[in-house]
Structures are given as C-alpha cells and as structure tokens.
Amino acid sequence: RSVSISPDGNWIVSGSVDRTLKMWDTQNSQEVLTLNGHTRPVESVAFSPDSKRIVSGSQDKTVKIWDVQTGQPVRSIEGHTDSVWFVSFNPDGTQVVSSSGDHTIKVWDAITGREVYTLRGHSKPIASAVFSPDGTQIVSGSLDNMVKVWNVKTREEIHTLKGHKDAVYNVAFSPDGKRIVSGSID
C-alpha cells in the first residue's frame with residue numbers, strides 16, 4: 001500500500017495489506033526486517049529525516065513509530081476514530097502528521113506520542129497530509145475534492161484549492177515549498 005526510501009538512501013520500507021512493514025537494504029535488495037504490530041492493513045509508511053525511525057498508519061486506527069535498528073515499535077498512538085490513511089514526519093522529526101477517514105488531520109509529538117492539535121475542515125476522509133519543507137505549513141488532500149493549506153503556528157486553514165472534480169489522494173510540496181502538486185482520480 002505504501003513505500004518510503006530513507007533520506008540516507010540505505011533503506012526502503014513497505015507497508016502492506018498483510019499488516020506488516022518490511023525493511024529492505026538498498027545495496028543488496030535483501031529484506032532485513034519484518035515489523036509486526038498492526039492488526040489491520042498498513043496504509044502509509046515514512047522515514048524520519050534522520051533515517052532512524054519509521055512512522056506507519058493503519059486501518060486499525062493507530063499510528064506507530066518504529067526504531068529502524070531494532071524493528072520494534074517505540075510508540076503506538078491512538079486518537080483517530082477511523083482508518084489512518086497517511087502519515088509523515090515534519091522536517092526536523094519532532095512531529096508526525098496523520099490524516100484519517102474520520103475527516104481530521106492530527107499532529108503528534110514524535111517522542112511522547114501526545115496529540116499536539118487537530119485540524120478540521122474537510123467534509124470527507126483525508127487521503128494525505130504533509131508538512132512543507134520549512135515546517136510552517138501542512139497541505140492536505142481529501143475525498144471532498146479539495147486541497148487545503150494550513151498554517152502550523154496558528155493552526156488555521158489559509159487556502160482552499162478547488163479545481164479537482166473527484167477525490168484528491170495525494171499532495172506534496174515542491175522542495176522549495178513554493179508550489180503544491182495534487183493527484184486526483186479525476
């Protein structure tokens with residue numbers, strides 16, 4: 001369902017409908033770890049900026065943070081009331097953003113697992129949400145056909161981008177943070 005390459009280029013992690021994450025060595029294409037802990041399919045995986053942790057989101061409504069060296073979960077985070085569709089770290093690795101079928105975006109402290117805040121504004125499940133490269137904004141894409149941009153400091157919606165005629169499943173910032181790209185089933 002999801003793959004991510006570590007920022008250092010050494011690892012690939014995959015999340016699967018079999019409820020596992022698998023880590024692969026990019027040098028020899030060998031599987032090195034299977035990470036078990038989710039009870040439903042894994043929808044999203046991402047590496048931390050320092051390549052030492054992985055975050056995963058699952059249909060079991062949890063977000064898990066894993067240690068790359070041991071393959072063990074160091075934090076299991078609960079708070080969404082529906083499947084977690086997308087997860088990612090902020091640029092300095094101190095926070096995780098998750099989007100869910102419960103129509104919310106949640107930001108979590110990546111060390112303690114505590115909820116920092118919740119963003120509400122989409123009328124349908126939110127398929128993806130990511131931080132901008134400088135960490136000052138979050139962009140989200142939803143099945144309500146909209147893309148929204150949020151100010152991290154004020155926690156307010158600053159833009160609603162309309163134009164898609166169907167569900168928006170993926171969003172991303174350009175590396176300089178000045179542009180957004182969105183992918184929709186339209």
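How many aromatic pairs does the count come to? In this predicted model, the count comes to one aromatic pair. The pair consists of Trp85 and Tyr169, whose rings are stacked, with a distance of 6.4 Å centre to centre and an angle of 10 degrees between the planes. The angle lies under 30 degrees, the cut-off for stacking, and the centres lie within the 6.5 Å required of a pair. Trp85 belongs to strand S9 (residues 84-89), while Tyr169 belongs to strand S17 (residues 168-173); the pair therefore ties together parts that are 84 residues apart in sequence. Both partners were also examined for accessibility. Trp85 has a relative accessible area of 24% and is partly exposed. Tyr169 likewise counts as partly exposed, at 34% relative accessibility.

The strands that carry these two rings are part of an architecture with 18 strands and zero helices. The radius of gyration of the protein is 15 Å, close to the 16 Å that the globule rule gives for 186 residues, so the protein is as compact as a globular protein of that length. Along the principal axes, the C-alpha atoms fill a box of roughly 45 × 35 × 35 Å. Of the 186 residues, 48% are buried. The protein exposes about 9100 Å², of which carbon and sulfur atoms supply 47%. Among contacts with a separation of 6 or more, 37% are accounted for by residues 24 or more positions apart.

An open sheet of four strands is found in the order S1-S2-S3-S4, and its pairing is antiparallel. Strand S1 (2-5) and strand S4 (31-36) stand at the edges; each has a single partner strand, so one side of each is left without a neighbour in the sheet. From one strand to the next, the twist averages 15 degrees. Within this sheet order, S2 is followed by S3. Strand S2 (residues 11-15) and strand S3 (residues 20-25) run antiparallel and are joined by five bridges. In this pairing, Ser14 of S2 stands opposite Lys22 in S3.

A further antiparallel pairing is formed by strand S15 (residues 147-151) and strand S16 (residues 156-161), which five bridges join. Val147 stands opposite Leu161 in S16. The two strands, S15 and S16, form a hairpin with four residues between them. In the turn of this hairpin, Arg155 has a positive phi of about 65 degrees.

Note on methods:
Residues are numbered from 1 along each chain as its sequence is written. This is a predicted model: local features need pLDDT of at least 70, side-chain atom pairs count only at pLDDT 80 or more; totals for chains, interfaces and linings use all residues. Side-chain values use heavy atoms; hydrogens and water are left out. Two strands pair if DSSP finds at least two bridges between them. Rings of Phe, Tyr and Trp (its six-membered ring) pair if their centres lie within 6.5 Å; planes under 30 degrees apart count as stacked, over 60 as edge-to-face and the rest as tilted. Buried means under 20% relative accessible area, exposed over 50%, partly exposed in between (1.4 Å probe, protein chains only). Axes are lines fitted to C-alpha atoms, for helices over the stretch in contact, and angles run from 0 to 180 degrees between N-to-C directions. The radius of gyration is taken over C-alpha atoms; the globule rule is 2.2 Å times the number of residues to the power 0.38. Contact means heavy atoms within 4.5 Å. Accessible areas come from the Shrake-Rupley method with a 1.4 Å probe; for residues, only the protein chains shown count as cover.
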